[in-house]
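Here are some worked exercises to try with the model open in your viewer. Have a go at each task before you read its solution.

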Amino acid sequence: MTMPIYVQGAWFAGALLFIFGLKGMSSPASARRGIIIAGYGMLVAIAATFLIPGLQNIGLMALALVIGGASAWISGQKVKMTDMPQMVAIYNGMGGGAAAAIAAVEFARGDAHAVMTTVLAVVGALIGAVSFTGSCVAWAKLQGVLKKAYRLPAQNAVNVVLALLSVALGVAMIIMGPSRPELVLAFFFVALFLGLIVTLPIGGADMPVVISLFNAFTGLAVGFEGYVLGNPALIIAGIVVGAAGTLLTQLMAKAMNRPISNILFTPMLASSEGGAAIEGTMKELGALDAAAMMRYASKVIIVPGYGMAVAHAQHKVWEMTSILEEAGVEVKFAIHPVAGRMPGHMNVLLAEAGVPYDKIFDLEEINGEFAQADVALIIGANDVVNPTARTDKSSPIYGMPILNADQAQNVIVIKRGKGTGYSGVENALFYTDNCRMLYGNAQPMAGEIIQHLKAMG
Amino acid sequence: MDGMLALYIFMLAAFTGYEIIAKVPVILHTPLMSGSNFIHGVVVVGAMIVLGQADTPVQQAIGFFAVALGAANAAGGYVVTERMLAMFKKKED
């Protein structure tokens, strides 16, 4: 179908606005403007589509737009910042589902297609479907609906067989033409099932990387379906996201020192399966002493972890930081790349509490500064400051880059109990001589420290 | 569409995506993942095109499903990204 020039032009403008918007999003100062620009691009592209001559089912289309758009708009307004990763996962899954459904309609129409078109339609449908069910599982896990990691016996073999089966069905569709309904149905069934089975055994700690991977998948699926529909705007938007998402996935996997293939095919070892025993004892400390140590320090580095976010302590922590700064203490925040449930998630949570982004430093920027810090305050973080990752080859987290909090003069750890972190590995830092434990919930504990700081004047 | 021309578009778009992300600070990774998630919400345009051509009830049903999912991707992706980015600010002087 040839499109009139005004529709083509509007789509072109949309693609241009997407790229400008994404470019804007790559720097904190212009990021908000970036998403708004991209938003206009989307409105222009959607509005232009209504102007295609001979468009049928316009009422149905408007209804679907309103139902899908409004429900997502409302749920997106309500979601808490801590729950953001699963929300991104579910919206992403919907995009993948939409791409797969586009292919399904094309197959059902059974138009005489060129081989290239059918190939890309099939590939796009496959990865779109995998992204759809996989993202739904990722959502269910992070939301806590699915609590366990389900692992089949011979999981990897099952994955491979399902993947090969879906590819074989896809090839059959390409060779015989996609007009056989039973073949198309079997193909979609296997592809959807594949996404489910691959994602189910993956643990919560690895989920951010998986969400990012599915984000890239959906982008590629959209790009391929864009080719099928002869729509360059879809191709550009989809492939840009596919490439960006792939890079982002690699960056994340690197930060965790876990190759992507490892995350998909080997689960993290359970607690007792690795790591040397640690000698020594954990030494406790009271809130008053902690307040005094930080009040009379010249430099404090705060290492927040997901535990802080779960305890909703970020506002209190920022209040505490402001008091310390007024007293002349230099305070910085050190963020591990995988702190939170997505890379950069912790930055969002701190931003929500009002912490300016120029106080927040990532691992490479700040790791050299711990040695000059008087106090490293660790709040609800564990594995990301565990020095065994540097030294103990038998530890499951060996090789993961960590924040060098152990090099600070004093380390204070606010922690709910004596348990281990997300990976289940004992933390050698807690047993070192310069480390003191402050047991309690992060929010009331930060509140107590604030009271003591105020009393000190 | 011309296959070769499409291949060039694929290549340039992939390069663009890679270049834009390569220089992004870690603090923006979450909003950026969410923002790129919003951008592939443009799939809704493709969904509208197929629904606009659908002429059997089955095609209409799948097309309807596609438009609703695509619209949710776009709207949800926009809202959560905008909410996150609205919070990023510099230290007030």
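How many salt bridges does the rule find across the interface of chain A and chain B? Before we solve that, some housekeeping: this is a predicted model, where local features need pLDDT of at least 70, side-chain atom pairs count only at pLDDT 80 or more, and totals for chains, interfaces and linings use all residues. Residues are numbered from 1 along each chain as its sequence is written, chains are lettered from A and ligands numbered from 1 in the order in which they are written, and side-chain values use heavy atoms, with hydrogens and water left out.

**Exercise 1: the interface**

Task: find the salt bridge between the chains, then describe the contact around it.

Solution.
- Step 1. Apply the rule: a side-chain nitrogen of Lys or Arg within 4 Å of a carboxyl oxygen of Asp or Glu. Across the interface of chain A and chain B this gives one salt bridge.
- Step 2. Put names on the pair: A:Arg32 and B:Glu82, whose closest N and O atoms are 2.6 Å apart.
- Step 3. Now count polar contacts (N or O atoms within 3.5 Å; within protein, one must be able to donate a hydrogen and the other to accept it, and residues adjacent in sequence count only if both atoms are side-chain atoms). There are 17 such residue pairs between chain A and chain B, both residues at pLDDT 80 or more.
- Step 4. See who contributes. On the side of chain A that touches chain B, helix H4 (residues 84–109) gives the most, with 17 residues. Helices (H or I, at least four residues) and strands (E, at least two) are DSSP runs, numbered from the N terminus.
- Step 5. Sort that side of chain A by class: 69 nonpolar, 25 polar and nine charged residues. Here Ala, Val, Leu, Ile, Met, Phe, Trp, Tyr, Cys and Pro count as nonpolar, Asp, Glu, Lys and Arg as charged, and the others, Gly among them, as polar.
- Step 6. Add up the contact (heavy atoms within 4.5 Å): chain A brings 103 residues and chain B 78 residues.
- Step 7. Get the buried area, meaning the accessible area (1.4 Å probe) that two parts lose on being put together, summed over both. For chain A and chain B that is about 8,200 Å², and carbon and sulfur atoms give 80% of that area.

**Exercise 2: neighbouring strands**

Task: trace how S1, S4, S5 and S6 of chain A pair up, and say how covered S4(A) and S5(A) are.

Solution.
- Step 1. Two strands pair if DSSP finds at least two bridges between them. S1(A) and S4(A) are parallel, with five bridges; one of the partnerships is A:Pro304 with A:Ile379.
- Step 2. Move on to S4(A) (residues 375–379) and S5(A), which also run parallel and are joined by five bridges. Here A:Ile379 has A:Ile414 as its bridge partner, and A:Ile378 stands opposite A:Val413.
- Step 3. Five bridges join S5(A) to S6(A) (residues 435–439), again parallel, and A:Val413 faces A:Met437 there.
- Step 4. Check burial (buried is under 20% relative accessible area, exposed over 50%, partly exposed in between; 1.4 Å probe, protein chains only). Five of the five residues of S4(A) are buried, as are five of the six in S5(A) (residues 410–415).
- Step 5. Look at the side chains of S4(A): A:Val375, A:Leu377 and A:Ile379 point one way, A:Ala376 and A:Ile378 the other, and all are buried. In a regular strand the side chains alternate between the two faces of the sheet.

**Exercise 3: a salt bridge inside chain A**

Task: which residue forms a salt bridge with A:Glu369, and what does the pair tie together?

Solution.
- Step 1. The partner is A:Lys299, with the closest N and O atoms 2.6 Å apart.
- Step 2. A:Glu369 sits in the loop between helix H15 (363–366) and S4 of chain A and A:Lys299 in strand S1 (residues 299–304), so the pair ties together parts that are 70 residues apart in sequence.
- Step 3. Both count as buried: A:Glu369 at 16% relative accessibility and A:Lys299 at 9%.
- Step 4. Widen the view: A:Lys299, A:Glu330, A:Lys332 and A:Glu369 are linked in a network of salt bridges.
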